[in-house]
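Please look at the sequence and the structure below before reading on. The paragraphs that follow go through them step by step.

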Amino acid sequence: MTSQGEVPPRDVSYAPRSTSPRPPAVRSTWPEESIVLVPFRPGLPITRVDLPRTAADREEVWDALSGPYSRHARPGARLAIICVTEDRRSAELASQHLADRLQGVGVDTHIRLWSDGERWREFNTGQTGLQTPSTAERIAAATVLTGAAQPAASRESLAASMVGDREPIAQLLPAARTAAAASKPAAERDWALGRLEQFHVDGNRLSDVDGARMLVALETISTRDALWEDMSRKNSTSHMAIWTDLTRRGPDEVRAAPASMLGFASWLHGDGAKAWCALDQVPADRPYSMAAIVASALQNGIHPREWERYQTQMRDIAADLDESFVPKPPGQQRDIPGKQPVTDRPAPGR
């Protein structure tokens, strides 16, 4: 509890199952002016929210969080509230408010920790200390040894990692479309599934030609859904790798599908921050229903295991989700789960 390196800064996400009593490993980005809720056991979401500074803001945060935490609370549920800000007073008030509300739904808060990057204080006990570089280095080394990825320096750097050279594939798209038109949809679907399976085995980056063909194939909903249905929590890392690469290289006209696939794989992996950054890559003028499903899963605190439960009944999932997602304007963040209106909507893939 002595280093900022211990703060898991994911947005709305779930930790992988583990037999370790320690909090989940650090992921994605460092939080700034934030509150992070970190469960001690699997089942509750890890959530990052902007630090509320007024009573009204504190109530708004709880209104957004109450649904997911009430729904997933189990006997013995515990979590830590970690505040990263220079405003210690706001951190104390906000963490106490959340602790009181969480207690009301059966979630105990054993740690309320504040840090400004140099100092820390545990509000429940009054203990204080300094965050030393040596502690941060020790935690970073331990994280590497466990195989966990180090966090990006900021949300901006994570977003930048999803932008690459899009011109090579852009030049190949016309030829890929011509070839797809001359082929049969079933043949293109079989090719895409086979190419995905090859990637699962060797992990080699798709060539520009294969990348263009894959992105064109994804425009056929039945093909995209076949690749989507291949996703599981076991192979989510491989899916994140291929869709990250194709999101980086995909021009606007074909990027909505791989970005949405990346968002879903990231959510399935428990990486909410990366899932949101992936959805931000959906072009603003191309709203996409699959992106809406990912956004709703994140906002409503849906546990990734629900994918395995309803993988063959996607209409059941869609009935609980909001497909009104439209890419956010620049400068806004979507971190806290929110209550979405239930409306009549088509199944995924429309």
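Asp245 has a relative accessibility of 15%, and because buried means under 20%, Asp245 counts as buried. The model shown here is a predicted one. Asp245 belongs to helix H9, which covers residues 236-249. Which residues does Asp245 touch, once its neighbours within four places in sequence are left aside? They are Arg205 and Leu206.

Next come the charged side chains. Side chains of opposite charge can pair when their charged atoms come close. Over the whole structure, a search finds 15 salt bridges. One of the pairs is Glu253 with Arg177, where the closest N and O atoms are 2.8 Å apart. Glu253 sits in helix H10 (residues 252-269) and Arg177 in helix H5, so this pair ties together parts that lie 76 residues apart in sequence. Asp245 has a place in this topic as well: salt bridges that share partners join Arg205, Asp208, Asp245 and Arg249 into one network.

Arg177 also forms a salt bridge with Glu219, and here the closest N and O atoms are 2.4 Å apart. Where do these two residues lie, and what does the pair tie together? Arg177 is in helix H5 (residues 167-182), while Glu219 is in the loop between helix H7 (208-217) and helix H8 (221-229), so the pair ties together parts that are 42 residues apart in sequence. Arg177 is partly exposed, because its relative accessibility is 29% and the partly exposed class runs between 20% and 50%. Glu219 is partly exposed too, with a relative accessible area of 38%. For Glu253 the relative accessibility is 40%, so Glu253 also counts as partly exposed.

Helix H7 can now be taken on its own. Its buried residues are Gly211, Ala212, Met214, Leu215, Val216 and Ala217. What covers these buried residues of H7? The cover includes H5, helix H6 (185-202), H8, H9 and H10.

Another helix to look at is H11, made of residues 272-279, where Cys277 lies. Is Cys277 buried or exposed? Its relative accessibility is 1%, so Cys277 counts as buried. Along the chain, Cys277 and Gly263 are 14 residues apart, and their C-alpha atoms are separated by 7.7 Å.

The strands come next. In strand S4 (residues 78-84), 6 of the 7 residues are buried, so S4 is largely enclosed by the rest of the structure. S4 pairs with strand S2 (residues 34-39) through 6 bridges, and these two strands run antiparallel. Within that pairing, Ser34 has Val84 in S4 as its bridge partner. S4 also pairs with strand S5 (residues 108-115), this time in the parallel sense and over 7 bridges. There, Ile82 stands opposite Leu113 in S5. How does the chain get from S4 to S5? It crosses through helix H2 (residues 88-104), and this β-α-β crossover is right-handed.

After S5, the path leads to a charged pair and then to strand S6. The side chains of Arg119 and Asp116 meet in a salt bridge, with N and O 2.6 Å apart. Arg119 has a relative accessible area of 41%, so Arg119 is partly exposed. Strand S6 (residues 119-122) contains Glu122. What is the nearest side chain of opposite charge to Glu122, and how far away is it? It is Arg112, 5.7 Å away, and Glu122 is buried yet has no salt bridge. The cut-off for a salt bridge explains this: the nitrogen must be within 4 Å of a carboxyl oxygen. The side chain of Glu122 does have another partner, since one of its polar atoms lies 2.9 Å from the backbone nitrogen of Thr125.

Finally, the protein can be viewed as a whole. It has 14 helices and 7 strands. Of its 350 residues, 52% are buried. Among the contacts between residues at least 6 apart in sequence, 71% join residues at least 24 apart.

Technical notes: Residues numbered from 1 in each chain as written. Predicted model: local features only at pLDDT ≥ 70, side-chain atom pairs only at ≥ 80, totals over all residues. Heavy atoms only, no water. Helix = DSSP H or I, 4+ residues; strand = E, 2+ residues; numbered from the N terminus. Buried < 20%, exposed > 50% of the residue type's maximum accessible area, 1.4 Å probe, protein only. Lys, Arg positive; Asp, Glu negative; His and termini not counted. Polar contact = N/O pair within 3.5 Å; in protein donor to acceptor, adjacent residues only side chain to side chain. Pairing = 2+ DSSP bridges. Right-handed = clockwise from strand over helix to strand, strands pointing away. Contact = heavy atoms within 4.5 Å.
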